[in-house]
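Here's a quick briefing to read alongside the model. Have the structure open while you go through the bullets.

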Amino acid sequence: MKYLALDLGNRRIGLALGGEIGVPVVPVGYLVRKTLRQDIDKVLQAASERDVDGIVAGMPYSLSGEVGEQARLAEGFVRALMKQTKLPVHTVDERFTSVRAEEMLRESGRRPSEDRGEVDASAAVLILERFLSQGEDQR
C-alpha cells in the first residue's frame, strides 16, 4: 500500500509519500491553501499523480486529546475529501508532529523559520510514520 499523508495547516498542506515495504516515507512538498474546493482538487491531483492507494490526514487534537477548533476544521476537510474520492481516507493523531519536524530540521542544520513549507512536509512524514506504526489491525 502506498499512501499520501497530509499535514493540514491553515496556510499550507504538507505532503509525504510512503507505505511500501522497504521504502522510507519521504516529504513531497506542500500545497498553498486557497479554497476548500481548490485544496481538495490539488490533494486529489497529487494522489493521482503518485498513484496512491489511500490518504492519511493528521488530526490536530488539543494537548488533552479533545477536538478543538483546528481539529474541527480538519474533520470538515476530511469529510469533504471523502465525498470526492473513492480512495480510503484515514486519520491519525498528529499532536507534536510540527514541533518534532522543526527539531529534526534544526538537527540537520536547517532553519525551520526560513521554510515553513518544509516543516509542513516533514510533519506529514511523521504523520504517515505514526499511521504506519499502528499496524493494519489498528486502522
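## Charged pairs first

At 54% relative accessibility, E49 counts as exposed, the label for anything over 50% (buried is under 20%, partly exposed in between, with a 1.4 Å probe and protein chains only). Bear in mind that this is a predicted model, where local features need pLDDT of at least 70, side-chain atom pairs count only at pLDDT 80 or more, and totals for chains, interfaces and linings use all residues. Residues are numbered from 1 along each chain as its sequence is written, and side-chain values use heavy atoms, with hydrogens and water left out.

**Salt bridges**

- The count comes to five salt bridges, a salt bridge being a side-chain nitrogen of Lys or Arg within 4 Å of a carboxyl oxygen of Asp or Glu.
- E49 has R50 as a salt-bridge partner, with the closest N and O atoms 3.8 Å apart.
- R50 itself is partly exposed, at 23% relative accessibility.
- D120 and R12 also meet through their side chains, at 2.5 Å from N to O.
- That pair ties together distant parts of the chain, 108 residues apart: D120 sits in helix 4 (residues 116-133) and R12 in strand 2. Helices (H or I, at least four residues) and strands (E, at least two) are DSSP runs, numbered from the N terminus.
- D120 counts as buried because its relative accessibility is 9%.
- E69 and R72 make another salt bridge, 3.7 Å from N to O.
- Those two are three residues apart in helix 2, so about one helical turn separates them.
- Both ends of that bridge are partly exposed: E69 has 48% relative accessibility, and R72 has a relative accessible area of 44%.

**The sheet**

- Five strands make an open sheet in the order 3-2-1-4-5, with mixed pairing (two strands pair if DSSP finds at least two bridges between them).
- Strand 3 (26-32) and strand 5 (89-93) are the edge strands, each pairing on one side only.
- From one strand to the next, the twist averages 25°. Angles here run from 0 to 180 degrees between N-to-C directions, and axes are lines fitted to C-alpha atoms, for helices over the stretch in contact.
- Helix 2 packs on this sheet, touching strand 1, strand 2, strand 4 and strand 5 (contact means heavy atoms within 4.5 Å), and its direction makes about 165° with that of strand 4.
- Strand 2 and strand 3 run antiparallel and are joined by five bridges; I13 has L31 in strand 3 as its bridge partner.

**Strand 1**

- Is strand 1 largely enclosed or open? It is largely enclosed by the rest of the structure, because six of its six residues are buried.
- Both faces of strand 1 are covered, with Y3, A5 and D7 buried on one side and L4, L6 and L8 buried on the other.
- Strand 1 pairs with strand 2 in the antiparallel sense over six bridges, and Y3 stands opposite G18 in strand 2.
- With strand 4, strand 1 pairs in the parallel sense over four bridges; there, A57 is the bridge partner of L6.

**The turn at R11**

- A hairpin of three residues connects strand 1 to strand 2, and R11 is found in the loop between these strands.
- R11 counts as exposed because its relative accessibility is 66%.
- Leaving aside residues up to four places away in sequence, R11 touches L31, V32 and R33.
- R11 and V32 lie 6.1 Å apart, C-alpha to C-alpha, although 21 residues separate them in sequence.

**Nonpolar cores**

- In soluble globular proteins, nonpolar side chains tend to be buried together.
- The largest nonpolar core here has 22 residues, and L6, V43 and L81 touch the most other members. Such a core is a set of buried Ala, Val, Leu, Ile, Met, Phe, Trp, Tyr and Cys residues joined through side-chain atoms within 4.5 Å.
- Strand 1 (3-8), strand 2 (12-18), helix 1 (36-49), strand 4 (54-59) and helix 2 (69-84) each supply at least two residues of this core.
- Which residues does V43 touch, not counting residues up to four places away in sequence? They are L4, L6, I13, L31, I55, F77 and L81.
- Apart from the largest core lies another, of eleven residues, including A5, A16, V92 and F131.
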